[in-house]
Amino acid sequence: MADGEWRAILRSLTEIANEILEITEFNCVIKKPCRNLSRRLRILTPLFEELGEIKDLISEVNMKALAFLKDSMEKAKDLLKFSSRGSKIYMVLQREQIISEFRELEGLFEQALGGVSFGKLDISSELKEQIELVCAQFGRASKRLDASHLELYEDFSFIYNHTSDANILQILCKKLELRGAQDLKQESLALEKMCINSTGDLREGMEEMYMVLKKYKELLQAEDVVFNNSGSDDCSPTGQKIPAYTNVCSQKLAIPDDFRCPISLEMMKDPVIISTGQTYERACIKQWLEAGHRTCPKTRQILSSTSIIPNYVLVSIISNWCEANNMEPPRNSITSSLNNAASSCSVEDVELDNLLRKLKSNNIEDQRFAAANLRLLAKHNSCNRLRIAEAGAIPPLNNLLYANDSLTQEHAVTAILNLSIRENIRGSIMSSGSILGILHVLENGSMEARENAAATFSVLSSVEEYRMTIGASGAIPALVILLSEGRHRGKVDAARALFQICIYQRNKGRVVRAGAIPQLVNMLLQNGGEMVGEALAIMALLASHPDGKAELGALDVVPTLVELVANGTPRNKENAAAVLAHLCLGGHKHLSQALTHGFVNPLLDLAENGTARAKLKALQLLKLVEETHMQSDGQISSN
């Protein structure tokens, strides 16, 4: 295997490991196996760093073993992501399949790590011992079964097959961390998403899942009546749902502003979209138009058309919110058909063909109206994203990225951002030449549009093969400028994009030359420290580049890094130690400065209590301190 192929495998391993490090929250049902798997994989991270420093050719056997390890890491990442976002009820009822996947992965890692001849690799003895320990842990883990999964399933079966027992339901709610309406809403949406994307075999168990969820809702509703609504004449003493838009009790809940009509300020029953992209209650906007007005009540823009389109997406969102908060959703004569349209993901029902015609027209008002509606349709619905892309909307949206009208431009780039959320659409976005248009918006658009352009680059650069193209497009200087000028959200999106782009080695020099390092150092020193984590993550990558290391070394950053090693979050300690390691290994000046600021004790603590990567960096620095002291003692003795 050629050196280039080996380096590609190593890059992939590093990128996958970094993605796994970002997954920190796991479904409570399978939290233990997720944490165990994640912890073991974190210990492997320093291995990839040390392998990257090896200059000799790796044996064919080790290359194949590490390629197999890469495939196993990819599967582990997918399983952990799935476990992080998934429905708790789904996880319990699919326990056998999920446990089987964890067992299979543990066996794969045992096989992959067992196939690597670590004795023939030029890595530290401490790291070899850690890898051997992890390999043994995978071997033992594949032979164990967590009995808690079986207990949960038995509890579920009892609830499903018997009359609801409030005590058992309460215990089960506690185990699943379903503590209130918000948790229930999230669980309901997660379950719905999983069932929509499921195979036919799973759909046969949907009745069981939804029955258990319904009993949870009944329990929470009953508790709400007893404990929260007692003594209120406006609430039903039987716990029956009362219409949200007439219920005094519902006023205790903060109705989201997006659910209120800008004219009546009431929760919308029949929301519709007008040509400016704003949404109103149908009756209110009709009354406005019938009175002879030809402007948007909210934006005061002149309407290009008086046509209105039902906002099916918002109807579905309001309905889900009301359901999660135990309120009857607003209804009128057509609400049922609207809900059916929204749940079926049918973008045709909102005149996709008509929107595409407007998108391609020469009328800027039509273009803005179409882009705004496509932006909205692609925001929450994966099926809509696919249908919009397949209908050919991406090329005309690309054209609108150069529109002179800032609002149209903003709608277009945000529509592309929403489409890019679906992984299998990203290739179409890249191949259609969207990159230059997105860059144009990033450089010239409104602040909102620039932020969404940066977010689009962040999503696209999560794909390894696109990082080189984005880096070479000229996007890096514009992202660095947004890092300095943007609002907090824009800075975060710019930082995330730059981090992903910097994973590709050749982009690091581009980021340094774009002036990122002074801005990153400034972010470390700012009061409040909102962006310290993002800044350190990028600096840790840039410090491995000669130009980045030199520029960091010219700035007075060592004292701040020492302070972060001592008092930062675990992730910030890790990255601060990584930057210090690059600086101190390259010059005695920075090591002396770090010693002056007392970084030995924080390093000792980090070597004992830090993350796996932090421990490795701390040990490297402590070894360097020891060698420096030995050299100093030797010079004194010779004198």
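Buried here means under 20% relative accessible area, and that cut-off comes up in several of the views below.

**Figure 1. The whole chain, before we zoom in.** Keep in mind that this is a predicted model. The chain has 34 helices and three strands. Of its 639 residues, 51% count as buried. As for how the fold is wired together, take the contacts between residues at least 6 apart in sequence: 70% of them join residues at least 24 apart.

**Figure 2. Helix α30 and what its buried side chains lean on.** Helix α30 covers residues 558-567. Which of its residues are buried? They are Val558, Thr560, Leu561, Val562, Leu564 and Val565. These buried residues pack against five helices that you can pick out around α30: α27, α28 (532-542), α31 (570-584), α32 (588-596) and α33 (600-609).

**Figure 3. Helix α27 against helix α29.** One of the packing partners of α30, helix α27, is shown here with another neighbour. Helix α27 spans residues 516-525 and helix α29 spans residues 546-553. Their axes sit 10 Å apart, and the packing angle is about 50°. Angles between 35 and 65 degrees fall outside the parallel and perpendicular classes, so α27 and α29 are oblique to each other. The crossing is right-handed. On the α27 side, look for Ile517, Pro518 and Val521; they meet Gly548, Glu551 and Leu552 of α29. Sorted by class, this contact of α27 with α29 has four nonpolar residues, one polar and one charged.

**Figure 4. Gln519, a buried residue of α27.** Still in helix α27, this view picks out Gln519. Is Gln519 buried or exposed? With a relative accessible area of 13%, Gln519 falls under the 20% cut-off, so it is buried. Setting aside its neighbours within four places in sequence, Gln519 is in contact with Leu483 and Ser484.

**Figure 5. Helix α25 meets helix α26.** Helix α25 takes in residues 488-502, and helix α26 takes in residues 505-513. Their axes come within 7 Å and cross at roughly 135°. The two helices, α25 and α26, are therefore oblique to each other. From α25, the residues to find are Leu498, Ile501 and Cys502, which meet Gln505, Asn507, Lys508 and Val511 in α26. By class, the residues of the α25 and α26 contact split into four nonpolar, two polar and one charged.

**Figure 6. Ser361 in the loop between α15 and α16.** The loop in this view joins α15 (352-360) and α16 (364-380), and Ser361 is in it. How accessible is Ser361, and what does that make it? Its relative accessible area is 17%, so Ser361 counts as buried. A polar atom of the Ser361 side chain lies 3.3 Å from the backbone nitrogen of Asn363. Leaving out neighbours within four places in sequence, Ser361 is in contact with Asp366 and Gln367.

**Figure 7. Glu104 on helix α5.** Helix α5 runs over residues 95-114 and includes Glu104. Relative accessibility for Glu104 comes out at 48%, so this residue counts as partly exposed. Ser72 is also in the frame: the C-alpha atoms of Glu104 and Ser72 are separated by 9.8 Å, with the two residues 32 apart along the chain.

Conventions
Residues numbered from 1 in each chain as written. Predicted model: local features only at pLDDT ≥ 70, side-chain atom pairs only at ≥ 80, totals over all residues. Heavy atoms only, no water. Axes fitted to C-alpha atoms, helices over the stretch in contact; angles between N-to-C directions. Helix = DSSP H or I, 4+ residues; strand = E, 2+ residues; numbered from the N terminus. Parallel < 35°, antiparallel > 145°, perpendicular 65-115°, else oblique. Left-handed = near helix turned anticlockwise from the far one by under 90°. Contact = heavy atoms within 4.5 Å. Nonpolar A, V, L, I, M, F, W, Y, C, P; charged D, E, K, R; others polar. Buried < 20%, exposed > 50% of the residue type's maximum accessible area, 1.4 Å probe, protein only. Polar contact = N/O pair within 3.5 Å; in protein donor to acceptor, adjacent residues only side chain to side chain.
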